[in-house]
Amino acid sequence: MTIRSARPNRATHFQPRMHCLKKVEAIVVEMQDPKSGVTGSDQKLNVTTIPHVITGTDVIAWITNKMKTTPEESLAIGTMLVAYGYIYPLQNHKKLVMCNDASLYRFQTPYFWPAQKWVPEDADYAIYLAKRNIRKKGMLEAYEQVHYNHLHDWLNHKWDFIVMQATEQYKAGKERKKPDRVVFDCQERAYWIVNRPPRRTHSAMDCGPDRLIDFESDEKITFDVYRRMNLFYQQAIMRSKVKSSVSLGALTKYVTTYKNHDPFLASCPPSNPWQTDNDALWTHNMRRVDPPTKMRVERWSFSLFELLTDLRGRDDFKIFLKKEFSGENLAFWEAAEELKWGTASSMSSKAETIFKTFLAPGAPRWINIDGRTMGLTVKGLDHPHRYVLEAAQTHVFLLMKKDTFFRYLKSPTYKDIAKKAVDPAPHNFSPAQLEQNAQNRSLGIHPIILWQQEEEAMAKAAIASAPIDVKAMMSKIDREKK
């Protein structure tokens, strides 16, 4: 590692997690206390004795005892410490996770802690890779070789300097004792694994774009700011509030309902395509696939919004409404959505069509809404805009939600589609297969492209099944001959 004489100037940037990392570092310092910390011992690693080695079981037991948490929470905290580089594994260094077993770990030296704010520059990483290339005689890891080749092209103008620095550091390292040399190599490798992870690997150091506001700086507050703050607080006091018990109850109900449908909290059968490189999940969840999956059909029963958002569920809801002879409400809702998200050039013509079809006296698909909403909507159609039908659309949505939606869930239409729904079997890939898929992964087809292909296929099928106008066809052939 190249030692700098001065820290980089990062005063204009604000890292939102820095105050949290300082609390984490206080815990790490306490864990290294000789009396009350995690007990370490000397362990042999490849015939070399490594001092102050700890195991994953000891770390998790210390966190559980100190913080009074469950073993699962302690395992998550230990994994966070490894992901941020405060503890590094000695054996499986590619996976930055804490294992609740006899796996060997060491505490990282404070020089490499994130709070030091060292910027992992490309030149330093190039020197590190060149040094490893000299030590390993060209046998780098696959991802390191990719980075090495990229940096060689990017920093070609000063590659001689990089190789010279790497050679000097390699010679200086050989003069150390073997245990110290192995420990320093492990610390340096752990630092670069955290800051330059392998491809398609999540890094805990990714914090997004730098914020332009530094909350630690003293900002002068003017009289106008105080006036607006006072006005805001007065309005907040007058605003009606919901009881905490009601809010927490609604939040608990929402989490309980959706937890099995959240890919972060539960699995997404048959497999996660970003990990397994298998597109079966996209195939089973196409926009108008037949039959849909059981989880998808179950999601329709959560709310009318979920049903209408899914095009496959909306088509099934249309079949039910057709049998009930009450499809005008859904047709009006779809027309209002098309007006809201359509082009500005066709806004006037669409608004006129909607008025003649659903709102005008004696309209072929007249909808039943209250007189006040009808008056506001008809008056707004004199100067149409995207949200001119918002009030009428909300009224129709609530009508379907209170009556039609619950009748649909009890109807044979929904029960029949629930029986026909498929439950794809999960894919069982070994860790070796997943790693091989990650290395050989190629650019796939975007789901939007698949949806467009599906829409084009359905449009062609509809054209093929439509009756042919013989006169129009003959006139077209005559025009082509001329």
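**Exercise 1. Describe the overall build of the protein chain.**

Step 1. Count the elements. The protein chain has 22 helices and 4 strands. This is a predicted model.

Step 2. Turn to burial. The chain has 482 residues, and 33% of them count as buried.

Step 3. Check the contacts. Take those between residues at least 6 apart in sequence: 64% join residues at least 24 apart.

Step 4. Look at the surface. The protein chain exposes about 31,700 Å². Carbon and sulfur atoms supply 58% of that area.

**Exercise 2. Work out how much space the second largest pocket holds and what lines it.**

Step 1. Start with volume. The second largest pocket holds about 980 Å³ of space.

Step 2. Find the residues closest to its centre. Of 31 lining residues, these are Leu281, Trp282, Asn285, Arg296 and Arg299.

Step 3. Assign the lining to elements. Two or more residues come from each of α10 (273-276), α11 (280-284), α12 (294-300), α13 (304-309) and α21 (447-465). The most come from α12, which gives 5 residues.

Step 4. Sort the lining by class. The second largest pocket is lined by 16 nonpolar, 7 polar and 8 charged residues.

**Exercise 3. Locate the enclosed space and describe its walls.**

Step 1. Recall the principle. A probe the size of a water molecule, rolled over the atoms, shows where empty space is left.

Step 2. Apply a size limit. The structure holds 1 cavity of 30 Å³ or more. The largest cavity has about 70 Å³ of space.

Step 3. List the lining. Val82, Gly85, Ile87, Tyr88, Pro89 and His93 belong to it, as do Leu96, Cys186, Arg189, Ala190, Ile193 and Val194.

Step 4. Map the lining to elements. β3 (87-89) and α7 (178-195) each give two or more residues. The top contributor to the largest cavity is α7, with 5 residues.

Step 5. Sort by class. The lining of the largest cavity has 9 nonpolar, 2 polar and 1 charged residues.

**Exercise 4. Classify Cys99 and Cys186 by accessibility, and give the disulfide count.**

Step 1. Set the cut-offs. Buried means under 20% relative accessible area, and exposed means over 50%; partly exposed lies in between.

Step 2. Place Cys186. Its relative accessibility is 9%, so Cys186 counts as buried. Cys186 also lines the largest cavity.

Step 3. Place Cys99. Its relative accessibility is 28%, so Cys99 counts as partly exposed.

Step 4. Count the disulfides. The structure holds 0.

Technical notes. Residues numbered from 1 in each chain as written. Predicted model: local features only at pLDDT ≥ 70, side-chain atom pairs only at ≥ 80, totals over all residues. Heavy atoms only, no water. Buried < 20%, exposed > 50% of the residue type's maximum accessible area, 1.4 Å probe, protein only. Contact = heavy atoms within 4.5 Å. Areas by Shrake-Rupley, 256 points an atom, 1.4 Å probe, with all protein chains shown as cover. 1 Å grid on protein atoms, 1.4 Å probe; cavity = no way out; pocket = protein on both sides within 12 Å on 5 of 7 lines; lining within 4 Å. Points joined across faces, edges and corners; volume = space filled by probe spheres on them. Nonpolar A, V, L, I, M, F, W, Y, C, P; charged D, E, K, R; others polar. Disulfide = S-S within 2.5 Å.
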